Amino acid sequence: MKLISRTSPIGVHFGALETRFLQLQGSPGGHWAVRSHSCVAARGLGRQAMAADQIQSQIRSLRLRGKDATLAIGGDAVSVSLVPVDSANQDRVSETLRENASRLIRDPEGLSYRSLPLSGDENVFDREEYLLL
């Protein structure tokens with residue numbers, strides 16, 4: 001019987017001076033071990049792009065598996081906001097979230113946001129609420 005090894009998502013940490021990549025191998029109920037790791041020196045506004053270019057040349061030697069990744073950034077780099085959307089504006093949810101995100105963040109590298117609809121009784125407030133990150 002052949003055992004199938006399991007790998008974790010690739011962990012990516014963007015630090016101020018370096019970017020770190022890590023992947024574990026093992027099983028959720030068992031023992032985890034480091035499968036692959038790398039540290040790439042990159043600083044400044046374009047550090048994410050520099051790290052991506054450097055890691056691309058090393059990708060085969062790192063033996064990374066899978067396509068999933070988790071990203072770690074500092075809490076000060078993330079803005080969180082609650083955005084109410086009235087039922088009359090429900091068809092403009094996407095546009096409303098983008099407008100709110102662009103007012104909250106000015107980033108020379110571009111805007112990236114995610115939203116999460118919060119469940120609740122819509123009839124009480126006649127609106128939906130979204131958590132904007």
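A residue counts as buried when its relative accessible area is under 20%. Glutamate 128 has a value of 18%, so glutamate 128 is buried. The model behind these values is predicted. This briefing covers an open sheet of three strands, ordered β6-β8-β7, and then serine 38 in strand β4.

**Sheet layout**
- The strands of the open sheet pair in antiparallel fashion.
- β6 spans residues 81-86 and β7 spans 115-118.
- Both β6 and β7 are edge strands with a single partner strand each, so one side of each has no neighbour in the sheet.
- On average, neighbouring strands here are turned by 30° against each other, direction ignored.

**Pairing with β8**
- β8 covers residues 127-132 and is joined to β7 by four bridges.
- Six bridges link β6 to β8, and these two strands run antiparallel.
- Leucine 116 has leucine 131 in β8 as its bridge partner.
- Tyrosine 130 in β8 is the bridge partner of proline 117.
- Tyrosine 130 is also the bridge partner of valine 83.

**The two faces of β8**
- In a regular strand, side chains alternate between the two faces of the sheet.
- β8 shows such an alternation along its side chains.
- Glu128, Tyr130 and Leu132 point to one face and are buried.
- Arg127, Glu129 and Leu131 point to the other face and are not buried.
- Leucine 131, the bridge partner of leucine 116, thus belongs to the face that is not buried.

**Glutamate 128**
- Glutamate 128 sits in strand β8.
- Its side chain makes a polar contact of 3.3 Å with the side chain of tyrosine 130.
- Glu128 and Tyr130 point to one face of β8, along with Leu132.

**Serine 38**
- Serine 38 lies in strand β4, which spans residues 33-41.
- Its relative accessible area is 11%, so serine 38 is buried, given the cut-off of under 20%.
- Leaving out residues up to four places away in sequence, serine 38 touches Thr19, Arg20, Phe21, Ile55, Gln58 and Leu62.

Definitions and conventions
Residues are numbered from 1 along each chain as its sequence is written. This is a predicted model: local features need pLDDT of at least 70, side-chain atom pairs count only at pLDDT 80 or more; totals for chains, interfaces and linings use all residues. Side-chain values use heavy atoms; hydrogens and water are left out. Two strands pair if DSSP finds at least two bridges between them. Axes are lines fitted to C-alpha atoms, for helices over the stretch in contact, and angles run from 0 to 180 degrees between N-to-C directions. Buried means under 20% relative accessible area, exposed over 50%, partly exposed in between (1.4 Å probe, protein chains only). A polar contact is a pair of N or O atoms within 3.5 Å; within protein, one must be able to donate a hydrogen and the other to accept it, and residues adjacent in sequence count only if both atoms are side-chain atoms. Contact means heavy atoms within 4.5 Å.
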